[in-house]
Structure formats: C-alpha cells, structure tokens
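Biologist: Could you take me on a close look at the aromatic rings in this model, and at the empty space left inside? I would love one connected walk through the geometry.

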Amino acid sequence: MKFPRTASAALLITALICADRPCRGEEWQVTLHAGSHDRGGGIVRFSAPQNLRGNAVLEIGDGATVPVQIDGGGEAAFIVPALAKGATKSFVLKAAAAPSLSIEGQESGDALKFAVAGRPLFTYQMAAGAVPEGVDPIFRHGAHLHPIFTPAGKLVTGNHPEDHRWHRGIWMAWTKTEYEGRHPDFWNQGKGEGAEKAGTKLLAEVRFEALDLSWSGPVHAGFVSRHRFIDHSGAASEDVLHETWDVTAYRGAVGDRPVNVIDLISTQVCASPSPLKLPKYHYGGLGVRGNALWNPVDAVKMLTSNGDDRLQGDATKGRWVYLGGDVDGAPAGVAVLIHPSNFRFPQPLRLNPKNPQLCIAPSQDGDWQIAPGKSYVSRYRIVALDGPADAAFLDRLWSDYAEPPIAEVAP
C-alpha cells in the first residue's frame, strides 16, 4: 500500500544510491535535515532503493540501529532519531535479519486488536459488538476504535455510556443531514422520536463492510477497511455514503515521553447520484468519547491549540484538541491532531459541556455537501499519552504531523 504524502518539506531525507552498481556492502547513506523543527519520535517514510527489499536497519551511531520497515510497494519507514532543528546528520542504511514484530495486529472475532511489544494499543471494532446488559440492542455498533490505551496502559476512551449509548470511542458520523428529501441521522443511532415511533427499527447507521488489508511490523501496523452509511428510513434501505478507513499505528517518543500514535484517513464518497447535504449544525464528523472515569463534569480536562478549556473552546477552531483526566490516580489523555489539508481547516470544535466527549465539526461553519464524483477526505492523528496536558508538547507533535518527513532519492 502507499502512504499519504504532502508537499511540505520540513524534514528532508536524501538516500544516495550508487547509480550503476550496488554500493559497497549493499549500504546506502541517508542524510537527515531537521528543518525548522526539533525532531525525534516521528515516523519517516521514503522510497527504498530498488535492490533493497525485505528487512533493513538504519545505523544511528555507537553501534545502535533502528529498524526500517519496507512494504510490498517499496515504501520504507522508520522512527526518526533525535535531531535538533537546523541540524543535518547522515546514517547508514543496509539490509538486516528479520526483526521481531514490535507492533502487531491480530483478528479476534469481530475485532482487530493491536499491541505494541505485547502491550495493548487499541482495538478496531469491525462488525457491531455486544451492548451492556439491559441496553437495547438497537445501540449495537461497529466501525469504530475502542478501547485505546496510553503507553502506560491507561484507558482513554469510553463506549456505550449511560448518557449517550451511541457514543463509541473514536468514530465518524454525520448528524444533521438531507438525502433525497429525508434526514438520516448517522450519529444518534437509536435515539429520538423517530426511533421510538419505529419501535426497535434502526433508522440509520454506519456499518462495517469489509477488512481489505491488515499488517504488522517492526515500525508500524494497521489496516484498510470499508464502511457503509445506510439510510433505513425510506421504503427500502439505501446506501448514502461509502467510506474507506486507512489506519496506521506506531509507537513514538519525544525526549523521554512515549506516545501511542494512530493515523486515521477517512475517505467518503457518495453511493448514488444524489449528494449528502450537510446543513449548518454544531456537531457531526469525528467523534471522541473519553473514559467513563471522566463522566463527572469536574473530572475531565479539555484543551485546544488556542489555549482554551472546554467552555471557552466550544464552537472555536483549532489545529488540535485534547481530552483527558486521571486514570488510576495519574493523568492521561488523548489528543486529536488535525491535518491542514482538511476541509475548513483549522476545523470547528464541539466540546461537550456535560460529558467527556468532543467532536471535530466542519458543519459549524455553514451548509455544505458531499457531492457525487468527489471524495471527501479527512486526516487525523490520534495520540494517546500519559501525563498532564502540555500545549508546547502537543504543538510539537502537530508540527511533525503537519510538516511530515519526505524523501529524496538521488538518481
């Protein structure tokens, strides 16, 4: 598979390859230019030399190496060593024996579970999972990420909370919509007057369709899957949107602070010749529900890239947003970093004043639509981390994401 790229050149990697014969000892020189940011812990991608496939390492000095993961398409990736802004440093790239899998994805029933060096990182719930005892089965849901853990093993997401049974870890759904004269609500599954009148009939849902690809590796793991946005409110059920999730996870660190990172790319297209109209509304889009321990109003902390808390930050725009609180006596949280290529960036935020839930909500800025023949692409980096919210730390993580490493290979 190919990884997404942007045109930014914040970190330049130049692989110097012998043009008319293999380099001595099948080695290549990789030169890193830090650019305008301090580096360390972010993922670096580049096109591997054509005669370098399989397993490789990067020698970073004093006998130390870091693994380089090369996929079937020749795309290489490694975790960048610490490098101060403006600095340049060269390393040796070479083939190596097969490393152990540090990030592994494994199917378990209707779930795809990921672990970092054997410790749980997150689960992708594919088909709809079970509901808690006593909860109406209409609230069964899939196509979301939960649970998500920090490097220390702290749980930072919630599912099926008592106040909103349809909330589910991290998910994508639209709330106020118009489709062929109907108004399917893909967010509030099972809620509302329409659902009550229909008994247990599900009026709209986001349904897992298929797992197209999953992988494990020494640097990253992930999956590609498909979802269906289905409107059941008409005479016959009808697909409104088809969505692809491309998810890559890895373990990084900035200084001595590790982070669990999940890159999510959602691509939505119309499933028919009719558009999905999205009127102005205060939420709908990427949703995040926090740990149930943070349900009390005073137990949760929210912070935006503008320095606002949950009350000041609601209905503002941001580059990133943080949600957290204490877990087992220590602070932990999850941040959503918003890619600058996203629609209406910096994107509007909904910070729920009553529960630990937030939303990246582009519809706040006014009416719009997903039109037939045009892909609606959203990119987010989800970071689970231990410790208190730190704006400077999150700014640095966002800079690494917004200005990602790119590669140049000498001819």
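Modeller: Here is a walk from the ring pairs to the charges over rings and then to a cavity. Please keep in mind that this is a predicted model.

Let us start with the rings. A pair of aromatic rings is described by the distance of the centres and the angle of the planes. The count of aromatic pairs here is 17. In one of them, the ring centres of Phe-46 and Phe-78 are 6.1 Å apart and the planes stand at 75°, over the 60 degrees needed, so this pair is edge-to-face. Phe-46 belongs to strand β3 (residues 43-47) and Phe-78 to strand β6 (residues 75-79), so the pair joins distant parts of the chain, 32 residues apart. Both Phe-46 and Phe-78 are buried.

Phe-345 and Trp-398 make a stacked pair, with 6.1 Å from centre to centre and 0° between the planes. This contact, too, links distant parts of the chain, 53 residues apart: Phe-345 sits in the loop between β22 (330-338) and β23 (347-351), while Trp-398 is in helix α3 (residues 391-402). What about burial for these two? Phe-345 has a relative accessible area of 25%, so it is partly exposed. Trp-398 has a relative accessibility of 13%, under the 20% limit, and therefore counts as buried.

Trp-398 also has a charged neighbour: the charged end of Arg-319 sits over the Trp-398 ring, 4.8 Å from its centre. A second arginine, Arg-257, lies over the face of Phe-393, at 4.4 Å from the ring centre. Elsewhere, rings gather into a group: Phe-114, Phe-122, Tyr-124, Phe-208, Phe-223 and Trp-245 form one aromatic cluster.

Now for the empty space. Rolling a probe the size of a water molecule over the atoms shows where empty space is left. The structure has three cavities of 30 Å³ or more, and the second largest has a volume of about 90 Å³. Its lining is made up of 14 residues, and those closest to the cavity centre are Gly-41, Gly-42, Tyr-250, Arg-381 and Leu-397.

Which elements supply this lining? At least two residues each come from β15 (238-254), β16 (257-270), β26 (376-386) and α3. The largest share, four residues, is from β15. By class, the lining of the second largest cavity holds eight nonpolar, four polar and two charged residues. Helix α3 is a good place to end, as it carries Trp-398 of the stacked pair and also supplies part of this cavity lining.

Note on methods: Residues are numbered from 1 along each chain as its sequence is written. This is a predicted model: local features need pLDDT of at least 70, side-chain atom pairs count only at pLDDT 80 or more; totals for chains, interfaces and linings use all residues. Side-chain values use heavy atoms; hydrogens and water are left out. Rings of Phe, Tyr and Trp (its six-membered ring) pair if their centres lie within 6.5 Å; planes under 30 degrees apart count as stacked, over 60 as edge-to-face and the rest as tilted. Buried means under 20% relative accessible area, exposed over 50%, partly exposed in between (1.4 Å probe, protein chains only). A charge sits over a ring if NZ of Lys or CZ of Arg is within 6 Å of the ring centre and within 35 degrees of the ring normal. On a 1 Å grid over the protein atoms alone, a cavity is a set of points where a 1.4 Å probe fits but cannot get out, and a pocket is an open set with protein on both sides within 12 Å along at least five of seven lines; lining residues have an atom within 4 Å of a point. Grid points are joined across faces, edges and corners, and a volume is the space filled by probe spheres set on the points. Ala, Val, Leu, Ile, Met, Phe, Trp, Tyr, Cys and Pro count as nonpolar, Asp, Glu, Lys and Arg as charged, and the others, Gly among them, as polar.
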